[in-house]
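Got the structure open? Let's take a quick tour of its empty spaces, a couple of its helices and a few odd spots in its backbone.

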Amino acid sequence: MELGNRITGRRTFLKSAVGVAATAALTARAAPHQPNIVLIVCDDLGYGDLSCYGSGISTPNIDQMASEGVRFTQFSSASPVCSPSRAAWMTGRYPTRMGIPRVLDVNDPAGLPDSETTAAQMLKGASYATMCVGKWHLGSLPQYLPTNHGFDEFWGIPYSIDQGTRPLMHNTDIMQQPANLDDLTFRYTGWATDFIARSKGSPFFLYLAHSFPHIPLAASQAFQGRSFQGLYGDVVQEIDWSVGQVLQSLQANGLDSNTLVVFSSDHGPWYQGSAGGLRGRKGETWEGGMRIPFVARFPGYIPRGQVLSSFASSLDMVPTIAGLTGAPPPALPLDGIDIGPILTGRQSDLPREAFLYFNDVYLQCARLGNWKLHVTRFNAPAFSPVPACGLWNLPLTSPELYDVVADPDESHDRSDRNPSTVANIRARMDQLIQTFPPDIADAWTRTLSLPAQATPSGCLPIPLT
């Protein structure tokens with residue numbers, strides 16, 4: 001299926017980027033048998049929080065990763081909040097398919113269901129050693145913890161650091177409660193590098209899920225006051241240090257040329273941090289809440305120095321890992337695609353179905369190629385007081401269409417000049433939503449039936465009373 005029309009304004013950039021990638025690909029080798037996988041995901045890190053994405057925060061190790069591999073400028077989370085976004089990273093499926101549409105509470109009876117197959121379970125079937133370090137947030141009851149979802153070992157906190165009693169766990173045992181935050185990144189890094197050293201004789205999968213820069217912020221003494229951007233900058237610089245330690249550990253153990261390392265975030269920034277000039281933040285389906293940094297490095301397999309505007313998402317991680325490692329993919333249908341041909345520079349883009357933007361149980365937007373169509377929206381900003389009339393997800397009386405490559409801050413609605421594109425994307429949304437569980441499809445139908453006042457493009461919808 002075609003991705004939609006490209007815009008004239010990005011042709012020069014694409015020609016340059018693809019040209020560099022194509023040249024570098026001439027020297028790229030085939031991926032080794034059963035390569036190691038290191039997936040590093042931060043919590044609440046914004047699209048604009050790394051120096052290679054324009055931030056004033058110094059992140060030399062991540063920048064070096066980007067220069068030695070690939071950096072995406074159009075990479076999206078599958079949700080603007082924590083638990084659903086992590087479910088997508090782990091399964092390659094929309095979290096609304098598995099009953100995780102919103103952030104899980106400490107005492108939530110729900111969690112990642114056994115019917116889902118995680119990346120760790122997939123790789124265990126291919127004889128990989130697996131380790132989860134950091135934040136889990138896919139259920140805190142024993143049956144939902146990482147060790148029951150394919151991970152041999154877990155060191156970390158089962159949910160966000162601003163929730164509950166903040167237990168630091170080893171597998172199912174509580175080692176410290178509440179966990180000390182000042183040395184948390186340091187300890188995560190130690191456990192991660194120890195696992196790398198212990199696993200060098202067999203293929204391994206390391207999922208390092210940092211608890212920062214989610215609030216409350218904290219940094220070790222060595223990084224306190226180190227940046228010019230306050231405590232938030234200190235925290236990001238310590239995460240960058242951690243990335244450097246992981247890369248050094250791979251090199252020291254002779255694993256550098258046999259390991260894919262990915263660095264990203266779960267969604268956009270919360271109260272602090274930078275969305276990189278994008279509209280919106282955490283909790284919203286504007287680009288600022290959904291678009292995230294994505295850097296990948298695999299010497300000899302991923303050509304150096306690629307900066308790509310190809311669209312990809314966290315849903316693509318599991319199918320890409322399956323394609324790279326040869327591990328049998330999960331039995332349930334995946335929503336992501338294998339982006340290996342993009343990573344290696346063999347292709348500049350891949351056919352894919354419309355990408356859906358969910359907020360809670362509500363389908364709000366969809367993207368096809370460069371075009372993003374907004375159809376529904378909450379009547380209040382995220383993390384703000386509930387209006388007197390109540391919080392409603394309402395239909396937009398006039399759906400809004402944005403070219404999010406030429407207009408990344410979603411400032412110029414172009415629906416009136418592209419009615420066929422609006423109709424095409426809307427039809428795909430109506431069709432795709434029918435493949436979701438009944439409660440999700442019903443939420444779409446109910447939302448579209450609600451009366452709302454006519455409002456200008458970009459405005460919050462208002463109930464019609």
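Here is a short briefing, topic by topic, on this predicted model. The tour starts with open pockets, the largest of which holds about 550 Å³ of space, and moves on to closed cavities, of which the structure holds 4 of 30 Å³ or more. After that come two helices, α11 (residues 438-449) and α8 (residues 317-325), and then some unusual backbone angles.

**Pockets**

- Rolling a probe the size of a water molecule over the atoms shows where empty space is left.
- About 550 Å³ of that space sits in the largest pocket. It is lined by 24 residues, and the closest to its centre are Gly 283, Asn 359, Phe 378, Pro 381 and Ala 382.
- Which strand gives the most to the lining of the largest pocket? That's β15 (residues 371-378), which puts in 3 residues.
- Sort the lining of the largest pocket by class and you get 12 nonpolar, 7 polar and 5 charged residues.
- The second largest pocket has about 200 Å³ of space. Look for Tyr 94, Asp 335, Gly 336, Glu 353 and Ala 354, which are the closest to its centre among the 15 residues of its lining.
- In the second largest pocket, the lining divides into 9 nonpolar, 2 polar and 4 charged residues.

**A closed cavity**

- The second largest cavity has a volume of about 50 Å³.
- Its lining is made up of Asp 44, Pro 213, His 214, Ile 215, Leu 217, Tyr 232, Trp 270, Tyr 271 and Gln 272. By class, that's 6 nonpolar, 2 polar and 1 charged.
- Keep Pro 213 and Ile 215 from that lining in mind, since both turn up again in the next group: Pro 213 is joined to Phe 212 by a cis peptide bond, and Ile 215 is joined to Pro 216 by another cis peptide bond.

**The loop between β8 and α6**

- Most residues other than glycine have a negative phi, and most peptide bonds are trans.
- The loop between β8 (204-209) and α6 (230-252) is where you'll find Pro 213, and Pro 216 has its place there too.
- Omega is about 5 degrees for the cis bond between Phe 212 and Pro 213, and about 0 degrees for the cis bond between Ile 215 and Pro 216.
- Is Phe 212, at 1% relative accessibility, buried or exposed? Buried counts as under 20%, so Phe 212, at 1%, is buried.
- Phe 212 is in the loop between β8 and α6 as well. Leaving aside neighbours within four places in sequence, Phe 212 touches several residues, including Cys 42, Asp 43, Ile 161, Leu 181 and Val 235.
- Try finding Leu 45 too: Phe 212 and Leu 45 are 167 residues apart in sequence, but 7.7 Å apart in space, C-alpha to C-alpha.

**Positive phi angles**

- Arg 166 isn't a glycine, yet its phi is positive, near 55 degrees. Arg 166 sits in the loop between β5 (153-157) and β6 (168-170), and at 17% relative accessibility it counts as buried.
- Asn 171 is another residue other than glycine with a positive phi, near 60 degrees. You'll see Asn 171 in the loop between β6 and β7 (173-176), where it is partly exposed, with a relative accessible area of 23%.

**Helix α11**

- Helix α11 has 12 residues and reaches 16 Å from its first C-alpha to its last, close to the 16 Å expected at 1.5 Å a residue.
- Ile 440, Ala 441, Ala 443, Trp 444 and Thr 447 are the buried residues of α11. They are on the same side of the helix because they cover an arc of only 155 degrees around its axis.
- An α-helix has 3.6 residues a turn, so residues three or four places apart point the same way.
- On the other side of α11, Pro 438 and Ser 449 are exposed.
- What do the buried residues of α11 pack against? They pack against β13 (355-359), β14 (362-368), β15, β16 (393-403) and α10 (419-432).

**Helix α8**

- Helix α8 is largely enclosed by the rest of the structure, because 8 of its 9 residues are buried.
- Those buried in α8 are Met 317, Val 318, Pro 319, Thr 320, Ile 321, Ala 322, Leu 324 and Thr 325.
- Following α8 is Gly 326, with a positive phi near 80 degrees.

Note on methods:
Residues numbered from 1 in each chain as written. Predicted model: local features only at pLDDT ≥ 70, side-chain atom pairs only at ≥ 80, totals over all residues. Heavy atoms only, no water. 1 Å grid on protein atoms, 1.4 Å probe; cavity = no way out; pocket = protein on both sides within 12 Å on 5 of 7 lines; lining within 4 Å. Points joined across faces, edges and corners; volume = space filled by probe spheres on them. Helix = DSSP H or I, 4+ residues; strand = E, 2+ residues; numbered from the N terminus. Nonpolar A, V, L, I, M, F, W, Y, C, P; charged D, E, K, R; others polar. Expected span 1.5 Å × (residues − 1). Buried < 20%, exposed > 50% of the residue type's maximum accessible area, 1.4 Å probe, protein only. Arc of directions from axis to C-beta. Contact = heavy atoms within 4.5 Å.
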